[in-house]
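The following exercises treat aromatic contacts and strand pairing in a protein model. Please work through each task before reading its solution.

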Amino acid sequence: MESIRNIVVLTGAGISAESGIDTFRDAGGLWEQHRVEDVATPEGFARDPQLVQRFYDARREAVQQVEPNPAHDALALLDRQWEGELLIVTQNVDDLHERAGASRVLHMHGELLSALCSACEARHKWSEPLLGQPACPGCGEQALRPDVVWFGEMPYEMDRIYAALRRADLFVSIGTSGAVYPAAGFVRDAREMGARTLELNLERSEGSYWFEESRQGRASKLVPEWVAEMLG
Ligand code: APR
């Protein structure tokens with residue numbers, strides 16, 4: 001597409017669903033199995049750290065058992081071949097974008113395969129459980145928590161995201177319900193700054209109204225089709 005040079009792609013749990021990772025709000029999703037207040041807030045962690053560590057330990061282990069799907073592969077192909085600006089802003093804490101080969105990826109809600117020390121604020125690549133309270137490799141304190149953004153906490157790298165939205169000619173949202181801000185507001189920000197907007201989702205999201213175009217279907221089909229269009 002001749003007039004499009006800078007692209008921002010927002011991804012959510014729906015892009016990893018076909019890899020076997022539960023989404024949050026679909027039938028049988030994580031938020032039907034667990035109370036958000038208990039496992040995804042700083043207050044819940046203070047109240048029962050073992051419950052929270054067990055929850056993320058299970059997700060950390062699960063993500064290491066699954067593989068990227070054709071939607072991740074297609075975005076990685078776009079990342080390799082797109083000469084303009086591209087930023088894949090993911091709300092997902094799995095590493096499937098990177099394992100598919102994408103490098104222009106920003107994890108605004110953190111990463112499961114990373115541990116954050118509450119004492120020295122260092123981050124460490126982490127694939128093991130945190131339940132046993134292992135010591136921080138940096139400061140030695142037993143203060144490691146999942147490096148995941150909980151409700152009530154600030155998402156990561158918001159300045160970088162807004163800078164990319166300001167420069168974007170096209171904003172594409174894939175596999176997200178549009179239920180959680182600030183990510184759910186990006187489509188309006190992008191549109192107000194002149195970008196074209198496209199939604200690829202199994203069903204219309206809560207913010208579907210704001211998209212110029214909305215395509216429904218599975219990410220493993222819609223994303224490769226869209227990438228083929230972009231790469232001509
Ligand atoms: N292909 C495309 N879309 C899909 C697929 C699929 N195979 N399967 C599900 N979806 C869509 C659903 O229709 C839904 O709109 O993906 C969306 C998943 O929505 P959520 O479960 O709400 O996940 P997400 O939008 O990523 O959640 C946002 O909320 O709980 C917090 O921090 C967490 O990052 C997460 C944020």
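**Exercise 1. Pairing of strand 4**

Task: Determine which residue of strand 5 stands opposite Leu 116, and how strand 4 is joined to strand 5 and to strand 6 in this predicted model.

Solution.
- Step 1. Opposite Leu 116 stands Arg 123, a residue of strand 5.
- Step 2. Strand 4 and strand 5 (residues 123–125) run antiparallel and are joined by three bridges.
- Step 3. The two strands form a hairpin, with five residues between them. Glu 121, in the turn, has a positive phi of about 65°.
- Step 4. Strand 6 also runs antiparallel to strand 4, and five bridges join the two. In this pairing, Gly 110 stands opposite Val 148 of strand 6.
- Step 5. As to covering, six of the eight residues of strand 4 (residues 110–117) are buried, and the strand is thus mostly covered.

**Exercise 2. Classifying aromatic pairs**

Task: Classify the pair Tyr 56 and Trp 150 and the pair Tyr 209 and Trp 210 by geometry, and state whether each residue is buried, partly exposed or exposed.

Solution.
- Step 1. A pair of aromatic rings is described by two quantities, the distance of the centres and the angle of the planes.
- Step 2. The search of the whole structure finds eight aromatic pairs. In one of them, Tyr 56 and Trp 150 lie 6.3 Å apart, centre to centre, with 45° between the planes, and the pair is tilted.
- Step 3. This pair links distant parts of the chain, 94 residues apart: Tyr 56 belongs to helix 4 (residues 49–63), and Trp 150 to the loop between strand 6 (144–148) and helix 7 (158–167).
- Step 4. Tyr 56 counts as buried because its relative accessibility is 2%. Trp 150 is likewise buried, because its relative accessible area is 2%.
- Step 5. Tyr 209 and Trp 210 show 4.9 Å centre to centre and 85° between the planes, an edge-to-face pair.
- Step 6. Tyr 209 is exposed because its relative accessible area is 66%. Trp 210, at 30% relative accessibility, counts as partly exposed.

**Exercise 3. The ring cluster and arginine contacts**

Task: Identify the cluster that contains Trp 150 and the arginine that lies over the face of its ring.

Solution.
- Step 1. Ring pairs link Trp 150 into a cluster with Phe 24, Trp 31, Phe 45, Phe 55 and Tyr 56.
- Step 2. Over the face of Trp 150 lies Arg 145, at 3.8 Å from the ring centre.
- Step 3. Arg 123, the residue opposite Leu 116, lies over the face of Tyr 156, at 4.8 Å from the ring centre.

Conventions
Residues are numbered from 1 along each chain as its sequence is written. This is a predicted model: local features need pLDDT of at least 70, side-chain atom pairs count only at pLDDT 80 or more; totals for chains, interfaces and linings use all residues. Side-chain values use heavy atoms; hydrogens and water are left out. Rings of Phe, Tyr and Trp (its six-membered ring) pair if their centres lie within 6.5 Å; planes under 30 degrees apart count as stacked, over 60 as edge-to-face and the rest as tilted. Helices (H or I, at least four residues) and strands (E, at least two) are DSSP runs, numbered from the N terminus. Buried means under 20% relative accessible area, exposed over 50%, partly exposed in between (1.4 Å probe, protein chains only). A charge sits over a ring if NZ of Lys or CZ of Arg is within 6 Å of the ring centre and within 35 degrees of the ring normal. Two strands pair if DSSP finds at least two bridges between them.
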